[in-house]
Amino acid sequence: MLLGSLWCVFAACLAFVARGQEVEMEVAPDVEVTQRPQFLYSTISPKLRINGKGFGKDPSGIKLDFIPALVKRKAPIYNLSATDTVLVLGLRKGFQWPSATTSPDEESSILFLQSIVVNQHGPQNQLTSPVPVATIIEPPSVIRGEEKIIYMTATTRFLINGTNFREGTTSLVFDPPLVKDVDYVLAVRSPTCLQLALRTGRRWRSDGEPGPLRLRRVDTGAGPLRIDPKFGGVIVAEVQADLGGHGVTVNANEAKIMYQTDPSLVVEGSGFAHVREVEEKNFGNPRLRFGNGLLGRGVNYSISEFDDHRLELVLKPGSMWRRNGANLPAPLTLLAVDAGSGYVAVGATEARKGQRVATVFEAPRITPSPLTTLFKTHSAQLWITGAGFTRPGSAPGLNVETKLEFEPALKKDTDYLLTVFNRTHMLVRLREGRAWSKDPGPLYVTACDSGPGSYANFKPAAVAHVVPDADPHESGLEVTRTNHQVLYQTPAIRKLVIQGSSLSSDAKLVFDPPLQRNVDYKVDKATEDSMVLSLLAGRMWRQTAGHLMLMSIDTGKGPVELAHGTGIVVADIAANPTISSSALRITSSLSKRIQIYGTGFSIDGTELTLEPTSRAAYDVEAVYPNEIVLKLKEGRSWGNVPAGQESVELVVTKIDTSAGEYIFQDADGTPRPVVVAVVVPDSAATTSSGEQVRCDDTCMWANDGVCDDGSRGSRAFGGGGGQGGGGGGGAFGGDLGGGGKRSGAWWEDDDLGGWYADEREEAPAYEDKYDYGYYDDQYGYYGDDTAMPACILGTDCTDCGGPLNAIDFADTGAKQGDWDDDEWFDDDSEEWWDDDYDFGDGWPGFEDDPKDGDRPIGIIKSEHPTKKVNKRHQPKGKKSEKDSPLAILETYPIAFALLAIAALVGGCFACSTFSNKNSDNRPESSNPCLGPRKQAQA
């Protein structure tokens, strides 16, 4: 009986398992389609390839249903061939891949496989949901530019017009060859416009010879297309040799510092005197283009005198070299010079680098505050507000700081300490044992130097009124000001020391903010000269950073108010520092900079204790209230990754500022280091293909704190950048007050803010000709200020985040279009797609020459331009062929036909009118409507 029951249970289990396997077999699909959309040109791409499995080998047993439908007149528009893993749809002649775009702004549409039925697997749809199998895009077109004149090196950029250009996927092949990101930088400004910017030190024709620049191929994502192959490509520009004025150069002057209102500036270089050889009347002095939109010829400045190597610029009264004080100190960047042959770039204008001809500082000014009261020695500090203050280190490479002169005289570092927090606020702290003034009276700031020297136009300002200290108490009780005692809100080591006279251990202390004895603090030790207080667990000296004031003290004879009841500073409480945790991956020695973010960092000096990195391995490059930048020394490493481990954590164990050491720990006192990075071996700096990523600092603009190779987008700050915070602000120092992200590449934002707009409206009429703006027409050289990197990808490694960041960028450049293991015509040898292109009898057929590399998938023809080339883009004396009657007739045949008919009708009407009015009184021989033969007969 027992055995029978066990057998029944066993049989039931087997049946259950069998049913489960049966259900699993029913659920498992017989056909799978790989979701790998292929890019197709709607009218050119000859086939669509779909990968998967379970298709079988009989195309007649496969039924496909697409959205949009690939059916015309109830028949498929494709021929189908199949293997078990690949379906190949060859587009039939005369048809095109459907586009489902609903708006002209849409650049592509998706083709979905909605249903697939394979007879060998049954009549049901094998797909649970539609699968995207292709992205349909329109093929590009290119407009001819044979009359567009550019110069070998002097022209910094020009436009190629056409249609259906796509950002991120458009690539070009030129003749003579030009290499993208080496010879030029490509930006897709719109679907109808490409902008090419010449790299510094490169030429538009690699052979150095004047001649046409031909575009031979264009690929917008679905494969390379040949353009006008019979003619070797379409001419997009005519490259001419640089003219004499194109040899103009400008010397960088990084050591030159000046205020924004200084009356003059000298620019040095060569080739300026070429303007004297210009035939154009009234050309005048050399013309300059500045990065901030500064205008010459009396609008913002004038050139008072010049020779071949020197220009002297004189500022117009009321103007400024750079007007946006919030962005200063910052460079004054000269982008281009026109010495009579057109504007010549004097630096990497593709990134608005140019040449720094000076560093401009904001003109300092101080807000008067004569009602501020300072006690002679009891007042600890004085806040001064205004504008144009410069913090040390805010201008890299320039050893500048703000200096003040007082009346009565005070000596810096002897009588007071000065801390500049930002361009508008600075703090003067009186040193212990010193006085604001010997006698009561106003305290003036009479001079200010924020870097370039004492500002000549500075207006003296009263910043306080000094009054006598409170008289000593009759009991002899006195408290000494100790504003240089700095404590954290919750110090781990330091204690509060109050110094004075007639003190005692049972003295009652009244603080501001309020603190209670034996609740917030306890008295550890007391003598007549000092009291030592320690903070109790879980308490703070202040909830926020600031001064701790002792308002009164009672030693048993009644409370004694200090400093007339205003209190005396006994400590400066600093905020507890914090460190933000980060899982940023860095390499052991290839990553040169790291940023550590947090709060409570002292701009006067902050030290970190790292593990496993030793202090000797790095330098503290910059400190802001919320950011510390560390730079690895040459030949050192952040840490070695032990064998068998993928990474090791880089942690901060403690921090040391002006308030002493602060150990990171949890509430019960257990050390809790903060992870700020994850160190991986240098070998991790390889691309997905296994190649070592190129990452060096060979670019001439490397190590300037700005990512210039384009890997972080437009003008992004790299390793040395991050967030600003300290004073000084400006392009060098970040946003004021800390916290805002700095703009990259020394943003020349004077013009962006419209700073010179009002002055430009008052410019004389000739200023329209003297245009600083970038040209923006079909044949324009410049276009708008498209952000373009100044360095080749990977040559500004340190500023752009190190090699791992370069890997992330490099691995995003996956090739789109047909797959490498496929040949376009492996299923159909009929190359029908070029039938409609008339190559002529002499053309041997479509067989690409070896220098073009991969075989293209089709051919497109160039188009005639619809606009005349702008006269400023043509050499003098050269007449456009498009201005000839024959060219105009070819361009506008219908319009000419209508004009001819109108002229014929008008002529007949005039002849008839003339004949009717003069038939009675004028001889027939005088009729102008008769030909010579008829008149002779008459």
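The paragraphs below go through strands, aromatic pairs, salt bridges and cysteines of this structure, which is a predicted model.

Strand β4 is a convenient place to start. Its side chains alternate, with Ile62, Leu64 and Phe66 buried on one face, while Lys63, Asp65 and Ile67 point to the other face and are not buried. This follows a general pattern, because in a regular strand the side chains alternate between the two faces of the sheet. β4 runs antiparallel to β9, and 6 bridges join the two strands. Within this pairing, isoleucine 67 has phenylalanine 112 of β9 as its bridge partner. Isoleucine 110 also belongs to β9, which covers residues 108-118. With a relative accessible area of 34%, isoleucine 110 is partly exposed. On the surface, Ile67, Ile110 and Phe112 make up a nonpolar patch, and together they have about 220 Å² of accessible area.

The buried face of β4 leads to the aromatic residues. Across the whole structure there are 13 aromatic pairs. In one of them, phenylalanine 66 meets tyrosine 78 edge-to-face, with 6.2 Å from centre to centre and 85° between the planes. Phenylalanine 66 sits in β4 (residues 62-67) and tyrosine 78 in β7 (residues 78-82), so the pair ties together parts that are 12 residues apart in sequence. Phenylalanine 66 is buried because its relative accessibility is 4%, and tyrosine 78 is buried at 11%. Another edge-to-face pair is formed by tyrosine 662 and phenylalanine 664, with a centre-to-centre distance of 5.6 Å and an angle of 80° between the planes. Both tyrosine 662 and phenylalanine 664 are buried. Elsewhere, Phe290, Tyr301 and Trp321 form one aromatic cluster.

The next topic is strand pairing further along the chain. An open sheet of 4 strands, with antiparallel pairing, is ordered β29-β31-β34-β33. β29 (365-366) and β33 (416-422) are its edge strands, as each of them pairs on one side only. β33 is joined to β34 (residues 425-430) by 6 bridges, and these two strands run antiparallel. Threonine 419 has leucine 427 in β34 as its bridge partner.

Strand β42 (residues 530-535) pairs with β39 (residues 496-501) in the antiparallel sense over 4 bridges. In that pairing, glutamine 499 is bridged to serine 530 of β42. β42 also runs antiparallel to β41 (residues 521-526), to which 5 bridges join it. Tyrosine 521 stands opposite leucine 535 of β42. β41 and β42 form a hairpin, and 3 residues lie between them.

A salt bridge involves this same hairpin strand β41: lysine 495 pairs with aspartate 524, and their closest N and O atoms are 2.9 Å apart. The pair links distant parts of the chain, with lysine 495 in the loop between β38 (486-488) and β39 and aspartate 524 in β41, 29 residues apart. Lysine 495 is partly exposed at 41% relative accessible area, and aspartate 524 is partly exposed at 34%.

The structure holds 15 salt bridges. Among them is the one between the side chains of glutamate 32 and lysine 53, at 3.7 Å from N to O. Glutamate 32 is in β1 (residues 32-33) and lysine 53 in β3 (residues 47-53), so this pair ties together parts that are 21 residues apart in sequence. Glutamate 32 has a relative accessible area of 38% and is partly exposed; lysine 53, at 41%, is also partly exposed. Glu305, Arg310 and Glu312 are linked in a network of salt bridges.

Aspartate 207 and arginine 205 form a salt bridge whose closest N and O atoms are 2.8 Å apart. Are these two residues buried or partly exposed? Aspartate 207 is partly exposed at 38% relative accessibility, whereas arginine 205 is buried, with a relative accessible area of 10%. Serine 206 lies in the loop between β16 (193-198) and β17 (211-219). Its relative accessibility of 36% makes serine 206 partly exposed. The C-alpha atom of serine 206 is 8.9 Å from that of aspartate 175, a residue 31 positions away along the chain.

Last come the cysteines. How many disulfides are there? The count is 0, where a disulfide requires a pair of cysteine sulfur atoms within 2.5 Å. Cysteine 193 is buried, at 6% relative accessibility, and cysteine 448 is buried with a relative accessible area of 1%.

Technical notes. Residues are numbered from 1 along each chain as its sequence is written. This is a predicted model: local features need pLDDT of at least 70, side-chain atom pairs count only at pLDDT 80 or more; totals for chains, interfaces and linings use all residues. Side-chain values use heavy atoms; hydrogens and water are left out. Buried means under 20% relative accessible area, exposed over 50%, partly exposed in between (1.4 Å probe, protein chains only). Two strands pair if DSSP finds at least two bridges between them. Patches are made of residues with over 30% relative accessible area and no salt bridge: like charges are joined within 9 Å, nonpolar side chains (Val, Leu, Ile, Met, Phe, Trp, Tyr) within 5 Å. Accessible areas come from the Shrake-Rupley method with a 1.4 Å probe; for residues, only the protein chains shown count as cover. A salt bridge is a side-chain nitrogen of Lys or Arg within 4 Å of a carboxyl oxygen of Asp or Glu. Rings of Phe, Tyr and Trp (its six-membered ring) pair if their centres lie within 6.5 Å; planes under 30 degrees apart count as stacked, over 60 as edge-to-face and the rest as tilted.
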